[in-house]
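Hi everyone, thanks for making time. I'll put the model up on the screen, and then we'll walk through it together.

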Amino acid sequence: MNQSNATNGQFEQVQALVETEAVASSDDAADDPAIWLNVKEPQNSRILGTDKKLGLAVYDIEGR
């Protein structure tokens, strides 16, 4: 999202390229609330996910 869109209330839509692995719990238990981007070494970026019934999960940028 660029600054001009953020300040006027508009958001850019993005398309997912990968999906994180399934969590151990069933039903609607998974969320991916944050992505930490390592600008200098993108391969070391991380996706922070939750299993609502079991806790926090950390995935690599490919969702593993």
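So, E2 and E3 make a hairpin, and three residues sit between the two strands. Keep in mind as we go that this is a predicted model. Strand E2 covers residues 46-51, and six bridges tie E2 to E3, with the two running antiparallel. If you'd like one pair to look for, take Leu48: its bridge partner in E3 is Val58.

Okay, let's zoom out to the sheet. In what order do the three strands of the open sheet come? The order is E1-E2-E3, and the pairing is antiparallel. E1 and E3, the latter spanning 55-60, stand at the edges with a single partner strand each, so each has one side with no neighbour in the sheet. The strands aren't lined up perfectly, either: on average, neighbouring ones in this sheet are turned by 25 degrees against each other, ignoring direction.

Now let's pick out one residue on the edge strand E1, which runs over residues 30-36 and includes Ala34. Which residues does Ala34 touch, if we skip those up to four places away in sequence? They are Arg46, Ile47 and Leu48. That last one, Leu48, is the residue we just met as the partner of Val58. And how much of Ala34 is open to the outside? Its relative accessible area is 30%, so we call Ala34 partly exposed, since that label covers the range between under 20% for buried and over 50% for exposed. One more distance while we're here: Ala34 and Thr50 are 16 residues apart along the chain, and their C-alpha atoms are separated by 9.8 Å.

Last stop, the pockets. The largest pocket holds about 330 Å³ of space. It is lined by 13 residues, and the closest to its centre are Ala16, Leu17, Val18, Ile35 and Ile47. You'll recognise Ile47 there, one of the residues that Ala34 touches. Which element gives the most to the lining of the largest pocket? That's E1, with three residues. And if you sort the lining by class, you get eight nonpolar, three polar and two charged residues.

That's my tour, so over to you.

Conventions
Residues are numbered from 1 along each chain as its sequence is written. This is a predicted model: local features need pLDDT of at least 70, side-chain atom pairs count only at pLDDT 80 or more; totals for chains, interfaces and linings use all residues. Side-chain values use heavy atoms; hydrogens and water are left out. Helices (H or I, at least four residues) and strands (E, at least two) are DSSP runs, numbered from the N terminus. Buried means under 20% relative accessible area, exposed over 50%, partly exposed in between (1.4 Å probe, protein chains only). Contact means heavy atoms within 4.5 Å. Two strands pair if DSSP finds at least two bridges between them. Axes are lines fitted to C-alpha atoms, for helices over the stretch in contact, and angles run from 0 to 180 degrees between N-to-C directions. On a 1 Å grid over the protein atoms alone, a cavity is a set of points where a 1.4 Å probe fits but cannot get out, and a pocket is an open set with protein on both sides within 12 Å along at least five of seven lines; lining residues have an atom within 4 Å of a point. Grid points are joined across faces, edges and corners, and a volume is the space filled by probe spheres set on the points. Ala, Val, Leu, Ile, Met, Phe, Trp, Tyr, Cys and Pro count as nonpolar, Asp, Glu, Lys and Arg as charged, and the others, Gly among them, as polar.
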